Amino acid sequence: MTIRDIAKYSGVSIATVSRVINNNGKVSDAARHSVEAAIAKFNYQKPEPKKKKATKLFGVIVRNMSNPFFAKLIDVLEEEAYKHGRSILLFNSRNNLKLEQTFLEECKHHNVDGVFLIPRSLKDQHIRPLQNASFPIILLTVTSPLCLSIGTHHKHGGNLVAQHFIKQGHQRIGFIGSTSQQSDRFIGFKNTLLSKNRALNAEYILTPYTTESLKNFVQEQILDSVTPLEAIFCSDDISASHLYSLLTNTNMGKLVEVVGFDDTFIAQSLGFSSVHQPMHQIALRGFELMLDALKGDIEQNGAKKSLEHLLEPTLVLRSSPMITLQDRPYEILKEETE
């Protein structure tokens, strides 16, 4: 007995029978009753889905290929894939949510075994549909309680920068980058400043920034100001490098402390401080999570393993101690050697 036989006996289309069996889509009460009666009469059993054939291909979707942090992440993933006899299919969503969703569909068409995703958005309505994908999806660099994910504790990263500025005695502090409710770097930074009675005035925040708005910001808050900013936290190394170059060209580079985020080769080569993400560990652990998911090994002692895996950041001060947030709020670990 096949689905075609059920449709013929019930006097309905094959599509209608499929919707009843899968409880998917609108079906009239009369049609549903007719199909269910036929299923019961002939003891029809829904066939088991065919096991998907492994392609040894992983999809990797990143937000911004030009960001050196993501480029390094891809390099590690590609190396691990090669070690395991696998290949990667790379997509650049260009921070476009619609493109990201299109590329997920492309991964489905290419029958990939799994996808590593650096998502454009962490909103529930964008992450929850990933649970229904036909392959495992691992979020990298950020985490969500709705999806297997591994990333840096971004709030702690912002916390570290704020603690450092406070320790240095800075009073007039600025920020460049996203200030949305999803921006944990900003939230950790702002909350720590507020807890120590340091105001983060609205005029000291630049969001979003462009080359022109950054020039205006530097002119107004530093060059033309009677009380110029003393320290600025940038939410990534790219914006920090633009700021650092502007300040250096105006001979203000040594008077304003600049701290970025990611600790890419940009920060290392220009010589400004930055929050270091354990990128290598993120990629390696992400690959392990993917292999576990493919084996169905996502349970431990009968219970689901945690979906979120957070790694701690460190603050690298160029020509200064390296600082991290552990059990104590502010701790010097070791000397930074350049």
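**Strand E6, two cores and a pocket**

Strand E6 (residues 173-176) sends Ile173 and Phe175 one way and Gly174 and Ile176 the other, and all are buried (under 20% relative accessible area with a 1.4 Å probe, protein chains only). This is a predicted model, where local features need pLDDT of at least 70, side-chain atom pairs count only at pLDDT 80 or more, and totals for chains, interfaces and linings use all residues. Numbering runs from 1 along each chain as its sequence is written, and side-chain values use heavy atoms, with hydrogens and water left out.

**Around E6**
- E6 runs parallel to strand E8 (residues 231-234), joined by four bridges (strands, DSSP runs of at least two residues, pair if there are at least two bridges between them).
- Ile176 has Cys234 as its bridge partner in E8.
- Two bridges pair E6 with strand E7 (residues 205-206), again in the parallel sense, and Phe175 sits opposite Ile205 there.

**Cores**
- The largest nonpolar core (buried Ala, Val, Leu, Ile, Met, Phe, Trp, Tyr and Cys residues joined through side-chain atoms within 4.5 Å) has 24 residues, and Leu73, Leu77, Phe116, Ile138 and Leu140 have the most contacts inside it.
- Apart from this one lies another core of 19 residues, including Phe217 and Met252.
- Beyond its neighbours within four places in sequence, Leu77 is in contact (heavy atoms within 4.5 Å) with Val60, Phe116, Leu140, Ala283 and Phe287.

**Pocket**
- The lining of the largest pocket (an open set of points on a 1 Å grid where a 1.4 Å probe fits, with protein on both sides within 12 Å along at least five of seven lines; lining residues have an atom within 4 Å of a point) splits into 11 nonpolar, 20 polar and 10 charged residues.
- Arg63, Ser178, Gln182, Ser183 and Arg185 lie nearest its centre.

Technical notes
Buried < 20%, exposed > 50% of the residue type's maximum accessible area, 1.4 Å probe, protein only. Nonpolar A, V, L, I, M, F, W, Y, C, P; charged D, E, K, R; others polar.
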